[in-house]
Amino acid sequence: MSPSVTDNQAKARAEHVARAAYGRLIAILAKRSGDIAAAEDALADAFAQALETWPKNGAPDSPEAWLLTVAKNRQRDVAKSAANKTAAGSLDDESFKMNSMPTDTAKPHGQDIPDERLKLLFACAHPAIDSTVHTPLMLQTVLGLEANEIASAYLMPGATLAQRLVRAKRKIKDARIPFEIPDQSEIKSRLDGVLEAIYGAYSLSWQDAENVDVTRDLAKEALYLSTVVTDMLPEEAEALGLAALVALSMARRQARLTAKGVHIPTDQQNTALWDKMLIRRGETLLTRAAAQKAPGRFQIEATIQLIHCDRANSGLTDWAAIAQLYNGLIAFAPTMGAAVARAAAVGHAFGAKAGLNALATVDAGHANAFQPYWATAAYLHRMAGDESSAQAAYRKAIDLCTDLPTRKWLERIAQDKVASLH
Amino acid sequence: MKYTFFLYNDESQFADVSPEDMAQSLQVFGEYIRQLNEAGVLVHTDWLQPSPTATTITLKGGTKQIQDGPYADTKEQLGGTFVIDVPDLDAALAWAEKCPSVHYGLIEVRASAMPEGGNPHAG
């Protein structure tokens with residue numbers, strides 16, 4: 001220990017440890033009791049202790065182990081106090097601090113701390129927990145994000161989300177949802193839930209919200225969570241596929257909007273703004289996934305992204321390959337989004353007539369309120385030379401669109417053609 | 001077509017909201033209003049005092065009756081309104097789905113019945 005460490009250095013050290021270790025420590029602290037809320041309280045106390053004592057005494061050699069020891073002592077004290085409410089001394093008194101301070105010799109080293117985060121992820125995405133809470137629960141317990149911060153990304157009041165998180169944690173504890181990696185018979189379906197929730201965190205990062213305070217980049221957090229899974233399950237093809245998908249889409253983030261906040265479609269983005277490192281990372285992950293010979297939804301979506309990224313080298317987008325991949329995607333996940341995207345790709349590759357035929361396979365009744373359906377119809381009608389149908393479809397797409405960058409883009413392209421016709 | 005969103009929710013949920021949570025709530029509603037404005041669809045919005053502050057008046061029975069409190073004593077009370085101008089119900093529902101209150105309450109979406117250009121007798 002070096003006593004010369006300044007306040008700021010200690011604080012920076014604590015924050016760094018917090019970022020790297022938060023989920024690891026919560027997973028360990030919550031594993032035995034299943035009580036995530038109590039684990040969070042104990043860890044928060046340990047961080048408070050660190051901020052108080054590290055500036056005075058210097059940061060310990062293994063901050064993570066130090067925090068774990070203090071938090072475990074805190075949990076034990078809380079349990080004792082609950083068991084014996086008449087015991088003298090409150091939890092906040094000075095004797096607690098003296099007793100629970102780990103000595104340098106008593107602690108294990110950081111690398112000895114097991115990584116139980118994957119078990120925590122499985123608990124958060126357990127099918128008995130309301131699926132809308134899976135993503136926020138992971139962001140909070142594994143990454144330490146505040147409820148208000150997460151709620152803002154959903155345009156939701158923090159108090160509402162906080163209530164749901166409390167309820168979910170109580171259920172995990174009271175219903176004894178296990179902190180375990182599911183066995184072989186179950187792992188595929190359970191892993192899907194975990195991957196979906198991570199994907200949910202990623203989707204959140206694409207929203208356009210100027211005024212709400214989401215200080216952390218949720219795409220980075222999703223990439224981080226996907227890495228937690230692939231580090232511990234390095235042979236799960238779909239986990240690798242999701243990590244690749246997040247990396248490849250993230251690679252294009254700087255290129256997706258104009259200076260005025262208008263959406264730019266992938267095939268028109270400036271490839272010089274794409275992050276080549278992330279593209280390489282995605283490519284490597286996909287190669288690893290393919291070696292497992294277990295194709296799935298996320299791998300196919302990532303491959304579509306990779307073909308888009310290849311335009312940086314070839315100057316062209318291979319729309320025929322993309323259309324083919326959407327056929328494959330629909331076989332795994334027959335969503336309306338995939339069917340509409342397939343029609344657009346077919347149009348790009350084989351012309352308006354083929355594209356409109358592909359779009360005709362989408363159930364128009366269900367698609368009526370689906371904005372991408374109308375945007376694609378507009379694109380294909382225009383390509384076919386039917387500008388009045390195109391204008392009507394653009395109008396419908398714009399009216400349905402609540403995402404501002406996309407809305408502005410649709411308004412612009414609908415106008416462009418009108419202007420050039422006159 | 002003008003559509004009004006009636007925002008109903010259980011007021012007891014927010015009985016003891018912290019100032020921090022209140023600030024965050026204002027922020028997300030502010031962001032929603034910004035998006036409605038930027039899309040050019042917002043006509044008007046208001047946020048109401050809680051229902052115990054309501055006063056209800058009627059001359060229906062021939063005599064004036066004033067009641068302290070809301071008209072209907074239900075668990076879900078009207079907490080605010082948005083009026084937006086969009087072409088159809090699909091578009092109105094797309095925006096209602098994005099309203100922050102949809103996560104903790106109910107939103108009733110009603111189309112305007114006012115003749116085009118407003119009531120002709122209103123001057």
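Two strands count as paired here if DSSP finds at least two bridges between them. Keep that in mind for this predicted model.

Q: What is the order of the strands in the open sheet of chain B?
A: Let's go pair by pair. E2(B) and E5(B) pair over five bridges, and E1(B) and E5(B) pair over nine bridges. E1(B) also pairs with E6(B), over seven bridges. String those together and you get an open sheet of four strands with antiparallel pairing, in the order E2-E5-E1-E6.

Q: Which strands of chain B stand at the edges of that sheet?
A: Look for strands with a single partner strand, because one side of each is then left without a neighbour in the sheet. The two that fit are E2 and E6 of chain B.

Q: Which residue is the bridge partner of B:Phe6 in E6(B)?
A: B:Phe6 belongs to E1(B), which covers residues 2-10. E1(B) and E6(B) run in the antiparallel sense. In E6(B), the partner you want is B:Glu108.

Q: Which strands of the sheet does helix H2 of chain B touch?
A: Helix H2(B), residues 89-96, packs on the sheet. Its direction makes about 155 degrees with that of E6(B). The strands of chain B that it touches are E1, E5 and E6.

Q: Are H19(A) and H20(A) roughly parallel or roughly antiparallel?
A: Over in chain A, these helices pack with their axes 8 Å apart, at an angle of about 160 degrees. Angles over 145 degrees count as roughly antiparallel. So H19(A) is, relative to H20(A), roughly antiparallel.

Q: How many residues in the contact of H19(A) with H20(A) are nonpolar?
A: On the H19(A) side, the residues include A:Trp374 and A:Ala378, and on the H20(A) side they include A:Ala393 and A:Leu400. Three of the contact residues are polar and three are charged. The nonpolar ones number nine.

Q: Is A:Pro295 buried, exposed or partly exposed?
A: You'll find A:Pro295 in the loop between helix H12 and helix H13 of chain A. A residue is buried with 20 or more C-beta neighbours within 10 Å and exposed with 12 or fewer. A:Pro295 has 17 inside 10 Å, so it counts as partly exposed.

Q: How many residues does chain B give to the contact with chain A?
A: Chain A gives 21 residues. Helices H7, H8, H20 and H21 of chain A each supply two or more residues to that side. By class, the chain A side has 10 nonpolar, seven polar and four charged residues. For chain B, the number is 25.

Key
Residues numbered from 1 in each chain as written. Chains lettered and ligands numbered in written order. Predicted model: local features only at pLDDT ≥ 70, side-chain atom pairs only at ≥ 80, totals over all residues. Contact = placed C-beta atoms within 7 Å. Nonpolar A, V, L, I, M, F, W, Y, C, P; charged D, E, K, R; others polar. Axes fitted to C-alpha atoms, helices over the stretch in contact; angles between N-to-C directions. Parallel < 35°, antiparallel > 145°, perpendicular 65-115°, else oblique.
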